[in-house]
Amino acid sequence: MKAAIFTQYGAPEVIQIVDTEKPSPKPDEVLVKIEASSVTRADTMIRQGVPKFGRLFLGLIKPKNKALGTGFSGVVEAVGSQVTKFRIGSVVFGEKLFSEGSNAEYLCMSEDLVIAHKPKSISHSEAAPICDGFLTSYNFLKDIAKIKSGQHVLVNGASGSLGSAAIQLAKIMGAKVTGVCSAKNIDFVLALGADEVLDYTKVKLDELSCTYDVVYDTVGKLSYKTFKTLIGSNGLFMTPVLNGEVLWHMLWRPNKVKFAATGVKKTKELKRLFEELVQFFEQGKLHTNIDNTFKLSEIKYAHQYVETGRKVGNIVIKNS
Ligand SMILES: NC(=O)c1ccc[n+]([C@@H]2O[C@H](COP(=O)([O-])OP(=O)(O)OC[C@H]3O[C@@H](n4cnc5c(N)ncnc54)[C@H](OP(=O)(O)O)[C@@H]3O)[C@@H](O)[C@H]2O)c1
């Protein structure tokens with residue numbers, strides 16, 4: 001089968017498409033023929049080996065895990081002897097973490113990991129990126145911020161994968177939502193359900209007079225001065241992007257400043273959030289925005305596009 005791999009850290013050109021052995025399912029695993037997979041900002045950072053401290057886990061000199069991609073959607077082609085939740089022909093989607101990647105023609109994974117039946121109402125391309133923006137933002141909004149109805153949430157980077165998911169999820173949770181994006185994405189963010197949109201190229205966020213219960217900086221662009229102003233004395237700041245400033249303020253104000261790496265959350269907890277998201281999609285309450293689609297053979301161009309930092313929603317690799 002064909003798979004995207006990288007054997008050294010670097011630019012998108014380090015990605016190779018190789019012929020590799022088709023995996024066989026262990027007793028608790030399903031073999032999935034992948035129809036669509038995601039390329040995320042996190043994938044591009046893993047490929048680059050940044051931030052450098054991440055190499056303590058990824059491999060100091062070169063990547064320990066050569067495979068690329070986590071989110072996928074496809075059809076079960078074979079099942080192990082102990083599999084009970086899926087059968088040959090089941091249409092599934094989910095996330096494969098820390099081993100063979102999803103940017104390939106096939107993957108095997110345990111039925112007990114983050115995998116579920118794909119809602120019929122969404123396409124493979126819409127399903128494959130759900131574990132990036134939606135699962136990450138749902139973890140932040142539900143488990144970390146514990147958003148309550150009526151709270152006012154500000155989402156910075158509202159047009160990205162995490163941001164476009166966060167706007168929709170915060171609305172489902174009954175919040176009043178302010179999205180922050182540039183002028184070209186205002187209509188998109190309003191269509192997601194935001195009550196109000198601020199253009200970061202025109203509005204000075206650190207001069208706003210109002211404060212927010214929760215500020216979720218999905219792109220890690222807000223300075224301490226800005227988020228301190230925005231949360232006032234009672235709000236919470238959270239971000240999925242760790243840098244020195246965030247780390248410093250987390251240590252001093254652990255109840256006011258939060259970071260989390262969703263991928264390292266316990267599988268049981270991730271599955272709980274994932275299954276709730278599946279229900280929202282089945283009910284038609286959530287929508288995946290796809291900015292651009294590439295073939296597996298074009299994956300380095302997908303990485304280049306993600307690295308512009310300008311994508312609106314999600315990037316998908318389609319296998320057929
Ligand atoms: N901790 C975790 O568990 C976890 C999980 C998944 C992802 N992440 C991280 O989350 C981050 C966000 O990923 P993503 O895919 O949602 O987005 P992304 O690709 O990093 O960002 C794209 C969007 O950001 C907007 N943007 C750029 N600069 C901005 C600014 N100064 N203010 C507001 N918006 C701005 C762009 O819109 P314009 O063109 O209009 O500026 C674009 O629509 C990444 O760093 C990723 O690594 C963390």
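**Exercise 1. Helix 4**

How many of the residues of helix 4 are buried? Work out the cover and the length of this helix.

*Solution.* The model is predicted, with local features needing pLDDT of at least 70 and side-chain atom pairs counting only at pLDDT 80 or more, while totals for chains, interfaces and linings use all residues. Residues are numbered from 1 along each chain as its sequence is written, and side-chain values use heavy atoms, with hydrogens and water left out.

Step 1. Fix the terms. Helices (H or I, at least four residues) and strands (E, at least two) are DSSP runs, numbered from the N terminus. Buried means under 20% relative accessible area, exposed over 50%, and partly exposed in between (1.4 Å probe, protein chains only).

Step 2. Count. In helix 4, 10 of the 12 residues are buried, so the helix is mostly covered. The buried ones are G133, F134, L135, T136, S137, Y138, N139, F140, L141 and D143.

Step 3. Check the length. The expected span is 1.5 Å times one less than the number of residues. For the 12 residues of helix 4 this gives 16 Å, and the end C-alpha atoms are 15 Å apart, which agrees.

Step 4. Look past the end. Just after helix 4, K146 has a positive phi of about 50 degrees.

**Exercise 2. Helix 9**

Find which elements the buried residues of helix 9 pack against.

*Solution.* Step 1. Helix 9 covers residues 267–282, which is 16 residues. From first to last C-alpha it reaches 22 Å, close to the 22 Å expected.

Step 2. List its buried residues: L270, K271, L273, F274, L277, V278, F280 and F281.

Step 3. Look for contacts (heavy atoms within 4.5 Å). These buried residues pack against strand 5 (91–95), strand 7 (115–117), helix 4 (133–144) and helix 5 (161–172).

Step 4. Just after helix 9, G284 takes a positive phi of about 75 degrees.

**Exercise 3. Residue Q168**

Is Q168 buried or exposed, and what does its side chain reach?

*Solution.* Step 1. Q168 sits in helix 5. Its relative accessible area is 7%, so Q168 is buried.

Step 2. A polar contact is a pair of N or O atoms within 3.5 Å; within protein, one must be able to donate a hydrogen and the other to accept it, and residues adjacent in sequence count only if both atoms are side-chain atoms. The side chain of Q168 reaches the backbone oxygen of S164 at 3.0 Å.

Step 3. Leaving out residues up to four places away in sequence, Q168 touches F134, L192, K285, L286 and H287.

**Exercise 4. The ligand**

Describe the surroundings of the ligand.

*Solution.* Step 1. Of the 27 residues around the ligand (a heavy atom within 4 Å), S159, S182, Y200, R310 and K311 come nearest.

Step 2. Find polar atoms. A polar side-chain atom of N185 is 2.9 Å from an oxygen atom of the ligand. A backbone N or O atom of A260 lies 2.8 Å from a ligand nitrogen atom.

Step 3. Consider cover. Taken alone, the ligand exposes 940 Å², and the protein buries 90% of that; areas come from the Shrake-Rupley method with a 1.4 Å probe, and for residues only the protein chains shown count as cover.

Step 4. Helix 1 gives the largest share of the shell around the ligand, 3 residues.

**Exercise 5. Residue S320**

Where is S320 found, and which side chain does it join in a polar contact?

*Solution.* Step 1. S320 is in the segment after strand 15 (314–318). With a relative accessible area of 65%, S320 is exposed.

Step 2. A polar contact of 2.8 Å joins the side chains of S320 and E35.

Step 3. S320 and A36 are 284 residues apart in sequence, but their C-alpha atoms are 8.2 Å apart in space.
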